Amino acid sequence: MLDVKKIREDFPILKREVNGNPLIYFDNAATSQTPQVVIDAIVDYYSNYNANIHRGVHSLSQEATDAYEEARIKIQKHFNAAKPYEIILTAGTTHAINLVAHGFASILKEGEEILVSALEHHSNIVPWQMLCEKTGAILKVIPQTESGELDMDAFAKALSPNLKLVFVNHVSNALGTINPIEHIIKEAHKVGATVLIDGAQATPHIKPDVQALDADFYVCSAHKICGPTGVGILYGKEEWLTKLPPYQGGGEMIDQVSFEKTTYAGLPHKFEAGTPNICGGIATGAGLDYMNAIGFDNIARYEDELLQYGTEKLLEIEGLKIYGTSAHKTAVISFNVGNIHPYDIGTILDKLGIAVRTGHHCAQPIMEYYKIPGTVRASFSFYNTKEEIDTFVAGLKRAVTMLS
Ligand SMILES: *Cc1c(COP(=O)(O)O)cnc(C)c1O
């Protein structure tokens, strides 16, 4: 059992009011809130050892370098990567995916196939479309089913020796579906395809073991796992990170530079050109420490309780339809009520201090599938409570009465 009351004390923002009401934050799938230990890590860095890393002989630079590299090792351990240099710190999931897509531009050939899923975030669609434009490769899609799951028969049919890359999210941000990535990775590898998993939405609930999964790449964002914005994690197998060319040129990523020829630094520096988000990297490590101390099994179990409770309560509302009804879901509930526009519901809930997301959730193909403009999305975290869900459902009932 989680001591949620005690956990809530760790998050200063949960004490504030919005529009005269206590904040109820149900937009965790967009970004998580920040515990005091992470805020402290940021303040400590800028107050006590702010310096540029890796090149300085002076003490501050050494301290900052040590803290940054310690964070990398924390991340390595969290994901069970074989080597610390298989962890590349980026500016976010989007940046990490673009880095990999850029690298494959010199590897992929015309007519070869790339497979993405219909449940992807735009950031796991658009970079691959750009890659196809550059290389002449062909983009194929694993379709979704009515319940918001991937059509695995269609996936099986898409497997061929011509398939080179597969991109799937571990969890859909719009619907919460947990995808069968173990199976997808295993089957894709049988035909020699490389697999990138977008874990941005899974990592707040699940501790992935990249070696057990045998993922070639696994990416996520720190700001969804109690860390700061502007930091992403790219795990890549050593053989792939060695094979891919650098993404950006500049300082830090070089070995020798002359106007005749430049040689690149080894991993991970080859992919970390320029001064990185030093403080952000360190704070990311602090966020993972915080969540690991609570325990991901405890987090997942409690959030599942919230999901079941919230689903039951919401379905009491007449005309409410939930999109994404897989038995394997994280605590995301995407819904509409009758023909009421999601934006109108979101606006009234905000007046009551309740933060939900409305719209297409950067996943327009899913909205097209259901033929809707968008949904209202409530996403729960381990610091949310059943009482908050009660207040939310009561507020939603009020909104529905006002709008219908
Ligand atoms: C949030 C999210 C992204 C984008 O992450 P950024 O931090 O905005 O780069 C990509 N994919 C999924 C599944 C997400 O939930």
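**View 1. Thr93, tucked away at helix 4.** In this predicted model, Thr93 is buried, with a relative accessible area of just 6%. The residue belongs to helix 4, which covers residues 93–104. Follow its side chain and you reach the backbone oxygen of Cys220, 3.5 Å away. Leaving aside residues up to four places away in sequence, Thr93 touches Asp198, Ala200, Val219, Cys220, Ser221 and Gly232. Cys220 therefore turns up twice in this view, as the owner of the backbone oxygen that the Thr93 side chain reaches and as one of the residues that Thr93 touches. With a relative accessible area of 6%, Thr93 falls under the 20% cut-off for a buried residue.

**View 2. Two domains and the contact between them.** The chain splits into domain 1, made of 4–27 plus 295–403, and domain 2, spanning 49–292. Taken over C-alpha atoms, their centres sit 29 Å apart. Where the two meet, 32 residues of domain 1 are in contact with 30 residues of domain 2. Together they bury about 2,500 Å², and carbon and sulfur atoms give 58% of that area. On the domain 1 side, look for Phe296, Thr330 and Ile366: this trio supplies 28% of the area that domain 1 buries against domain 2, more than any other three residues.

**View 3. Polar links across the domain boundary.** Between domain 1 and domain 2 there are 19 residue pairs in polar contact. Four elements each give two or more residues to the side of domain 1 that touches domain 2: helix 11 (296–315), strand 13 (320–323), strand 14 (332–337) and helix 13 (364–370). Helix 13 gives the most, with six residues. By type, the residues on this side of domain 1 come out as 17 nonpolar, ten polar and five charged. As for salt bridges, the count between the two domains is one. Zoom in on Glu146 and Lys321 and you'll see their side chains meet in a salt bridge, at 3.7 Å from N to O.

**View 4. Asp27 and Arg377, a buried pair.** Here Asp27 forms a salt bridge with Arg377, and the closest N and O atoms are 3.5 Å apart. Asp27 lies in the loop between strand 3 (24–25) and helix 2 (36–48), while Arg377 is in strand 17 (residues 375–379), so the pair ties together parts of the chain that are 350 residues apart in sequence. Both partners are buried. Keep an eye out for Arg357 as well: salt bridges that share partners join Asp27, Arg357 and Arg377 into one network. For context, the count of salt bridges in the model comes to 15.

**View 5. Lys83 meets Glu238.** The Lys83 and Glu238 side chains come together in a salt bridge, 3.7 Å from N to O. This one links distant parts of the chain, 155 residues apart: Lys83 is in the loop between helix 3 (59–79) and strand 4 (87–90), and Glu238 is in helix 9 (residues 238–243). Lys83 is partly exposed, at a relative accessible area of 33%. Glu238 is partly exposed too, with a value of 31%.

**View 6. Helix 11 tied to helix 14.** Glu305 and Lys386 pair up through their side chains in a salt bridge, with N and O 3.5 Å apart. Glu305 sits in helix 11 and Lys386 in helix 14 (residues 386–403), so this pair ties together parts that are 81 residues apart in sequence. Glu305 counts as partly exposed, at 33% relative accessibility, and Lys386 counts as partly exposed at 30%.

**View 7. Backbone oddities in three loops.** Start with the peptide bond from Leu267 to Pro268, which is cis, with omega near 0°. Pro268 is in the loop between strand 12 (262–264) and helix 10 (278–294). Next comes Asp214, whose phi is near 65°, a positive value in a residue other than glycine. You'll find Asp214 in the loop between helix 8 (210–213) and strand 9 (217–221), partly exposed at 34% relative accessibility. Last up is Lys371, not a glycine either, but with a positive phi of about 55°. Lys371 is in the loop between helix 13 and strand 17, and at 74% relative accessibility it counts as exposed.

Terms used:
Residues are numbered from 1 along each chain as its sequence is written. This is a predicted model: local features need pLDDT of at least 70, side-chain atom pairs count only at pLDDT 80 or more; totals for chains, interfaces and linings use all residues. Side-chain values use heavy atoms; hydrogens and water are left out. Domain bounds come from an automatic or database domain assignment. Contact means heavy atoms within 4.5 Å. Buried area is the accessible area (1.4 Å probe) that two parts lose on being put together, summed over both. A salt bridge is a side-chain nitrogen of Lys or Arg within 4 Å of a carboxyl oxygen of Asp or Glu. A polar contact is a pair of N or O atoms within 3.5 Å; within protein, one must be able to donate a hydrogen and the other to accept it, and residues adjacent in sequence count only if both atoms are side-chain atoms. Ala, Val, Leu, Ile, Met, Phe, Trp, Tyr, Cys and Pro count as nonpolar, Asp, Glu, Lys and Arg as charged, and the others, Gly among them, as polar. Buried means under 20% relative accessible area, exposed over 50%, partly exposed in between (1.4 Å probe, protein chains only).
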